[in-house]
Amino acid sequence: MASNDRPVSLTGIKPTGAATLGNYLGMIRPALGLADQYRVLYFIADYHALTTVHDGPELCELTYDLAATWLALGLEPGEEATLYRQSDVPEIFEIMWILSCFTPKGLLNRAHAYKAASDANEQSGTTPDDGISAGLFNYPVLMASDILAFDADVVPVGLDQKQHIEIARDIAEVINQTYGPVLRLPEHRIEENVQTIPGLDGRKMSKSYGNTIPLFLEPKKLRKTVRKIVTDSRPPEEPKDPEGDTLFALFSAVAPVDDVEDLRRRYLEGGTGYGEVKDDLADRLIALFEEPRQRYDELMAGRATIDRILDEGAEHARSIAGRVRDRLRTAVGTAR
Ligand code: TRP
């Protein structure tokens, strides 16, 4: 298919820490799987990370880390695939201003992240906006701009991002009602069967809970991390309950169906210890990420490849976002 015939899949990840198994299964792998039918635009949302990461060298390092991660996991930049860094595309921020003038403030009041932060303040009895930056409040508008600036058709994300895509659509609709069809309405795309990958402690795997399995740990550390998965204290000989067991859930997320069914049977029969299952899971994770981990290490050792790819990506991204920006300027009356 020629490039312009393909629909566009676009998504971003914030550089806030090493990518986890949850990120990979829930979002990165499904997004990469779209690369043979879509024109993919995948990026590093570094200005979104700036709402929380306030250490300059750290943000810079995390950005390289995430670029290397996308590439190591199989994103192949070329005609139909682009990797770029959000902050390299100034058009996004110009568009963001235009969008913000059509964004009902009440829509942002209801956005989950802002609402959670202000509800927490209310609970603790401080002022409603204590510690909340305008950047956090405007986060959904920047995200809408990320998406609308590229005429994205689909946005592969985790379930937690659904509201943000809805907000992007809402904003685009206001613009289109005002000026006619200027912006394309995006659809979210959520991987239904892997919506929540549990973390080591059984809660959703999340960097903010400190319960993650990072992808590119060296084998020994990966095994040690897997051993920390919390289980009940049933001894090996006793039958076990696959439902509600975090170890079983994680095993199911990475092993083929037949192996999962086999483990289910062994759980119900008894005679298999959790330690043994953890070792099996660790072996599988080590094998699964061995090659990507080598590529990741190589990319991180010599940054020149990443720099070149991000430069090329930025150039391509700017040309697309520039056209959408021009369309918007013409519509709103700031083009001469
Ligand atoms: N908010 C997203 C997250 O936290 C990251 C993100 C920023 C994004 N811009 C985007 C995702 C645009 C999809 C499309 O995961």
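**The ligand site and the internal spaces of the model**

The ligand is surrounded by 14 residues, with Lys14, His48, Tyr139, Asp146 and Gln161 the closest. The structure described here is a predicted model, and the ligand makes a good starting point for a tour of its empty spaces.

Three side chains approach nitrogen of the ligand. In the case of Tyr139, a side-chain N or O atom is 2.6 Å from a nitrogen atom of the ligand. For Asp146, the distance between a side-chain N or O atom and a ligand nitrogen is 2.7 Å. For Gln161, the corresponding value, again from an N or O atom of the side chain to a nitrogen atom of the ligand, is 2.9 Å. On its own the ligand has 370 Å² of accessible area, and the protein covers 90% of this.

It is helpful to ask which elements build the shell around the ligand. Two or more residues each are given to this shell by S1, H7 and S4. H7 provides the largest share, with four residues. Sorted by class, the shell around the ligand contains eight nonpolar residues, four polar ones and two charged ones.

Where, then, does the ligand sit in the wider landscape of the protein? The space that the ligand takes is the largest pocket. This largest pocket has a volume of about 1300 Å³. Its lining is made up of 46 residues, and those nearest the centre of the pocket are Lys14, Asn23, Asp160, Gln161 and Lys204. Lys14 and Gln161 are thus found among the residues closest to the ligand and also among those nearest the pocket centre.

Several elements contribute to the pocket wall. At least two lining residues each come from strand S1 (8–13), helix H1 (21–33), helix H6 (112–124), helix H7 (134–148), strand S4 (154–157) and helix H8 (162–179). H7 gives the most to the lining of the largest pocket, namely six residues. The element with the largest share of the shell around the ligand is likewise H7. By class, the lining of the largest pocket comprises 21 nonpolar, 20 polar and five charged residues.

Attention can now turn from the pocket to enclosed space. How many cavities of 30 Å³ or more are there? The count comes to one, and the largest cavity has a volume of about 30 Å³. The lining of this cavity consists of Leu215, Leu217, Pro219, Leu222, Leu285, Ile286, Phe289, Glu290 and Arg293. Helix H9 (219–227) and helix H12 (274–301) are the elements that give two or more residues to the lining of the largest cavity. The largest share, five residues, belongs to H12. In terms of class, the lining of the largest cavity has seven nonpolar and two charged residues, with no polar ones.

Notes:
Residues are numbered from 1 along each chain as its sequence is written. This is a predicted model: local features need pLDDT of at least 70, side-chain atom pairs count only at pLDDT 80 or more; totals for chains, interfaces and linings use all residues. Side-chain values use heavy atoms; hydrogens and water are left out. On a 1 Å grid over the protein atoms alone, a cavity is a set of points where a 1.4 Å probe fits but cannot get out, and a pocket is an open set with protein on both sides within 12 Å along at least five of seven lines; lining residues have an atom within 4 Å of a point. Grid points are joined across faces, edges and corners, and a volume is the space filled by probe spheres set on the points. Ala, Val, Leu, Ile, Met, Phe, Trp, Tyr, Cys and Pro count as nonpolar, Asp, Glu, Lys and Arg as charged, and the others, Gly among them, as polar. A residue is near a molecule or strand if one of its heavy atoms lies within 4 Å of it. A polar contact is a pair of N or O atoms within 3.5 Å; within protein, one must be able to donate a hydrogen and the other to accept it, and residues adjacent in sequence count only if both atoms are side-chain atoms. Accessible areas come from the Shrake-Rupley method with a 1.4 Å probe; for residues, only the protein chains shown count as cover. A molecule sits in a cavity or pocket if more than half of its atoms lie within 2 Å of its grid points.
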